[in-house]
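Biologist: I am new to this structure and would love a close look at one part of it. Could you start with a single pair of side chains and then show me how it fits into the rest?

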Amino acid sequence: MFKTIHINANERVLVFKKGKFTKYLKAGKHYLFNSDAFFRYNVTGEFKTIVPVEMLLENEELKSELDIYKVADNELGFLYRDGNFSQVLSPGEYAFFNVLYKNSIVKFDISSTEVPENFPRYLFDKIDSKYYKKATVEPWQIARLYIDKKFVRMLNSGIYYFWNNGIDVKVDNMETRLTNIDMNGQEILTLDKIALRLNFSCEYKIVDFENFGIKIVNVKDNIYSAMQIALREYVGRYSLDELLENRDKIGDYAFERLKERESDFCVEFKSAAIKDIILPGDVKDILNTVVLAQKRAQANVITRREETASTRSLLNTARLIDENQTLAKLKELEYIKEIFANVSRIELNANSDLISQLTKIITNKPQNG
């Protein structure tokens with residue numbers, strides 16, 4: 001007829017008879033009728049019951065050991081136990097035992113999408129991401145904030161959090177650094193119908209962040225098209241020789257044309273220049289032949305010029321020697337010095353003077369045998 005139950009120090013028991021709550025039991029040994037139903041609870045956790053909590057609070061002992069919290073539809077509750085964060089409470093009614101812990105709750109209104117400044121940011125690392133949206137704006141970026149498809153404000157670099165309350169939030173990041181666009185291998189016909197391939201590059205910086213990408217969709221693609229048009233306009237007006245001669249002017253022209261479109265693109269162009277002009281293989285061979293011929297002609301001119309200068313110098317020297325006997329004598333002695341430097345033995349006799357004998361040795365051809 002009776003049954004015995006043992007309740008631990010961290011437990012509580014609710015007893016029901018014929019579906020009606022009758023007893024609230026604490027730690028110890030208890031006797032119940034066999035017809036009694038009972039439910040055991042751990043006082044460290046949340047108190048959950050199949051019947052409304054209000055029906056149980058008539059028991060003053062149970063009421064004193066429970067903290068009841070209500071979280072409205074436009075709120076999130078943050079439960080703390082002994083001062084430490086425990087869990088997030090979504091809209092609803094909750095009961096927690098206060099036997100072992102001191103409970104407290106902080107509620108935040110989530111009807112406004114942006115998380116308030118006084119919210120502890122460290123909690124985002126502890127709660128489920130289903131409750132919020134996170135947006136990161138890097139140091140080299142700036143962003144547009146849209147709420148329900150409407151522009152709200154600009155966001156500087158930082159980390160931003162928004163409540164996940166069903167309202168659409170979009171953070172559109174944009175570069176504040178210089179952006180480069182390369183055009184490689186663009187084929188264009190010159191005025192003399194030669195197909196060139198150009199490698200071109202331009203740099204720009206966004207200046208109107210609020211309207212960038214709104215006035216014109218796919219800004220990069222449109223800038224690329226503007227580069228193509230500018231290059232075709234310029235290259236098509238000139239022959240190959242003129243283009244090669246004035247290579248830098250190609251980039252200058254394209255840069256000016258791009259500058260005219262800055263307000264459309266919401267950017268400021270910083271530079272534009274030709275990187276390479278690639279010629280067709282046969283044209284390259286012809287140009288190489290022409291350049292080689294020009295260089296050879298220049299080399300021949302330089303050689304003739306040097307030969308003429310050398311001959312003129314010899315003629316002037318001969319004239320001076322012819323007009324000045326002392327200078328002629330000095331030249332003879334200079335030659336003799338050079339000979340002595342290269343000859344190990346010279347035989348002379350006393351029949352004539354030294355200079356005459358040396359001169360004869362220099363001017364005479366060596367005999368065979």
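Which residue forms a salt bridge with R257, and how far apart are the closest N and O atoms?

Modeller: Happy to help! Please keep in mind that this is a predicted model. The partner you are looking for is E233: its salt bridge with R257 brings the closest N and O atoms to 2.2 Å. R257 belongs to helix α5 (residues 247-259) and E233 to helix α3 (residues 219-235), so this pair ties together parts that are 24 residues apart in sequence. Neither end is hidden away, because R257 has a relative accessible area of 28% and counts as partly exposed, while E233, at 27% relative accessibility, counts as partly exposed too.

Your pair belongs to a wider set, since the count for the chain comes to 15 salt bridges under a rule that takes a Lys or Arg side-chain nitrogen within 4 Å of a carboxyl oxygen of Asp or Glu. Let me show you two others that also join separate parts of the chain.

One of them connects two strands. The side chains of R144 and D172 meet in a salt bridge with an N to O distance of 2.6 Å. This pair links distant parts of the chain, with R144 in strand β12 (residues 141-147) and D172 in strand β15 (residues 169-175), 28 residues apart. Are its two ends buried or exposed? R144 has only 4% relative accessibility, which is under the 20% limit, so R144 counts as buried. D172, at 21%, does not fall under that limit and therefore counts as partly exposed.

Another joins a loop to a helix. K26 and E61 meet through their side chains in a salt bridge of 3.0 Å, N to O. K26 sits in the loop between β3 (20-25) and β4 (28-33), and E61 is in helix α2 (residues 60-64), so the pair ties together parts 35 residues apart in sequence. K26 is partly exposed at 29% relative accessibility, and E61 is partly exposed with a relative accessible area of 36%. These two also have company: R12, K26, E61 and E65 are linked in a network of salt bridges.

The surface offers a contrast to these charged pairs. M1, F2, Y31 and F33 form a nonpolar patch there, with about 500 Å² of accessible area together. Within the patch, F2 lies in strand β1 (residues 2-7) and is exposed, because its relative accessible area of 52% is over the 50% limit.

One more loop is worth a visit. S157 lies between β13 (150-155) and β14 (158-163), and with a relative accessible area of 41% S157 is partly exposed. Setting aside neighbours within four places in sequence, S157 is in contact with V137, E138, P139 and Q141. The C-alpha atoms of S157 and Q141 are separated by 6.2 Å, although the two residues are 16 residues apart along the chain.

Now step back to the whole chain. It has nine helices and 18 strands, and buried residues make up 31% of its 369 residues. Among contacts with a separation of 6 or more, 62% are between residues 24 or more positions apart. The accessible surface comes to about 23,700 Å², and 50% of that belongs to carbon and sulfur atoms.

Key
Residues are numbered from 1 along each chain as its sequence is written. This is a predicted model: local features need pLDDT of at least 70, side-chain atom pairs count only at pLDDT 80 or more; totals for chains, interfaces and linings use all residues. Side-chain values use heavy atoms; hydrogens and water are left out. Helices (H or I, at least four residues) and strands (E, at least two) are DSSP runs, numbered from the N terminus. Buried means under 20% relative accessible area, exposed over 50%, partly exposed in between (1.4 Å probe, protein chains only). Contact means heavy atoms within 4.5 Å. Accessible areas come from the Shrake-Rupley method with a 1.4 Å probe; for residues, only the protein chains shown count as cover. Patches are made of residues with over 30% relative accessible area and no salt bridge: like charges are joined within 9 Å, nonpolar side chains (Val, Leu, Ile, Met, Phe, Trp, Tyr) within 5 Å.
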